[in-house]
Amino acid sequence: MALTLADPFDALLQFQNALDSFRASSWLGSGPSARGSYPPLNVFRKGDNLLLTMEVPGIAKSDIAVQVKGNTIRISGSKAIQYGEGAALHRRERRAGRFDRAITVPVEIDPEGVKAECRDGILALYLPRAERDKPKTVAIN
Amino acid sequence: MAQSQELEVQEKKELVSKEEATVPARYFMPHTDIFETDDALNVILEVPGVERKDVEVSVENDVLKIDAKIGFKNYEGLEPVYTEYNVGHFTRSFTLSNKLDQQQISAHLQDGVLTLVLKKAKEAQPRRIAID
């Protein structure tokens, strides 16, 4: 389903509704630890390649470890929150702790070409598709 | 205690308000910690995906309003395949007490966390009384 952003005013809302409709998507469903843990991730497709984005606010690059093996990606690390001395807490909605999550994507990716970038609290993993997995065009006689 | 436990996903809180924005989009309320020290009130909001130039903090009529917009351009050409969280602009407002010095508010944004420090008005700071 290609998103056509013809109307710029509605574009963000359409995108948000599209994100909602892919919540129940079973694309990633069959892996052993695909759901339910932190950090929440979104998978996007751009052409043949995949982009994984995760929201990791308050976590520095050095506190996250990303490992790739075959089609499995593991993201682990810890989030810390400092409150300062003698602080009286009025409201606490943020959470701190460790996280360790592994997901298996159903397409073959090239582990050498995986790039990770962490900026402004968003961790983005660029997963290029393996050459041998790309569909080949067949000429019709 | 919180350091060694496993983190769980918190759903984003969507904003439901009586007034509509002129540009249709869904807004979310950032998760916020508020704590008070001797000389200031700290308000910490999680706004992942927001750059410094897209944050607006204002105080009007004793109401602190935070508006943080995400860069939608980064998502152009991307088709969602599997999603667990939604994205959108953040907004939240708090009513301030008159104990805060509304002229002195500092803001700092790093790694998607916006920290606001609101200094307390001089009269509200605790005074130590020396005992002879």
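**Exercise 1. Find the pattern of helices and strands that chain A follows along the sequence.**

*Solution.* Let's walk along the chain together. Read along the sequence, chain A of this predicted model follows the pattern α-β-β-β-β-β-β-β-β. Counting the elements gives one helix and eight strands in chain A.

**Exercise 2. Work out what share of the residues in chain A is buried, and what share of its contacts with a separation of 6 or more joins residues 24 or more positions apart.**

*Solution.* Start with burial. A residue is taken as buried if 20 or more other C-beta atoms lie within 10 Å of its own. By that cut-off, buried residues make up 26% of the 141 residues in chain A.

Now turn to the contacts. Of those in chain A with a separation of 6 or more, 48% are between residues 24 or more positions apart.

**Exercise 3. Determine the strand order of the open three-stranded sheet in chain A, and say which strands lie at its edges.**

*Solution.* Step one is the order: the strands run S3-S4-S6 in chain A, and their pairing is antiparallel. Step two is the edges. Strand S3 (64-69) and strand S6 (97-104) of chain A each pair on one side only, which makes them the edge strands. Step three is the geometry, with a twist that averages 10° from one strand to the next.

You can then look inside the sheet. Strand S4 (residues 72-79) of chain A pairs with S6(A) in the antiparallel sense over eight bridges. For a place to check by eye, find A:Gly77, which stands opposite A:Phe99 in S6(A).

**Exercise 4. Trace the open sheet of five strands, starting from S5(A).**

*Solution.* Take the strands one after another: the order is S5(A)-S3(B)-S4(B)-S10(B)-S9(B), with antiparallel pairing. The edge strands are strand S5 (88-91) of chain A and strand S9 (100-110) of chain B. On average, neighbouring strands of this sheet are turned by 20° against each other, direction ignored.

Next, follow the pairings from the chain A end:

- S5(A) pairs with S3(B) in the antiparallel sense over three bridges.
- Within that pairing, A:Leu89 has B:Phe35 as its bridge partner, and A:Arg91 stands opposite B:Ile34.
- S3(B) then pairs with S4(B), again antiparallel, over five bridges.
- Here B:Ile34 has B:Val43 in S4(B) as its bridge partner.

B:Ile34 is a handy landmark: A:Arg91 stands opposite this residue, and B:Val43 is its bridge partner in S4(B). To finish, look at the connection in chain B, where a hairpin of three residues joins S3(B) to S4(B).

**Exercise 5. Locate another strand pairing between the chains, the one that involves S7(B).**

*Solution.* Look at strand S1 (residues 41-46) of chain A. Three bridges join this strand to S7(B), and the two run antiparallel. To place the pairing on screen, select A:Val43, whose bridge partner in S7(B) is B:Tyr82.

**Exercise 6. Describe the side of chain B that touches chain A: how many residues take part, which elements contribute, and how do the residues divide by type?**

*Solution.* First, the count: 45 residues of chain B are in contact with 54 residues of chain A. Second, the elements. Those giving two or more residues to this side of chain B are strand S3 (32-36), strand S4 (40-46), strand S5 (50-60) and strand S7 (79-82) of chain B. S3(B) gives the most, with five residues. Third, the types: the residues on this side of chain B divide into 21 nonpolar, 13 polar and 11 charged.

Terms used. Residues numbered from 1 in each chain as written. Chains lettered and ligands numbered in written order. Predicted model: local features only at pLDDT ≥ 70, side-chain atom pairs only at ≥ 80, totals over all residues. Contact = placed C-beta atoms within 7 Å. Helix = DSSP H or I, 4+ residues; strand = E, 2+ residues; numbered from the N terminus. Nonpolar A, V, L, I, M, F, W, Y, C, P; charged D, E, K, R; others polar. Pairing = 2+ DSSP bridges. Axes fitted to C-alpha atoms, helices over the stretch in contact; angles between N-to-C directions. Buried ≥ 20, exposed ≤ 12 C-beta atoms within 10 Å, placed from the backbone.
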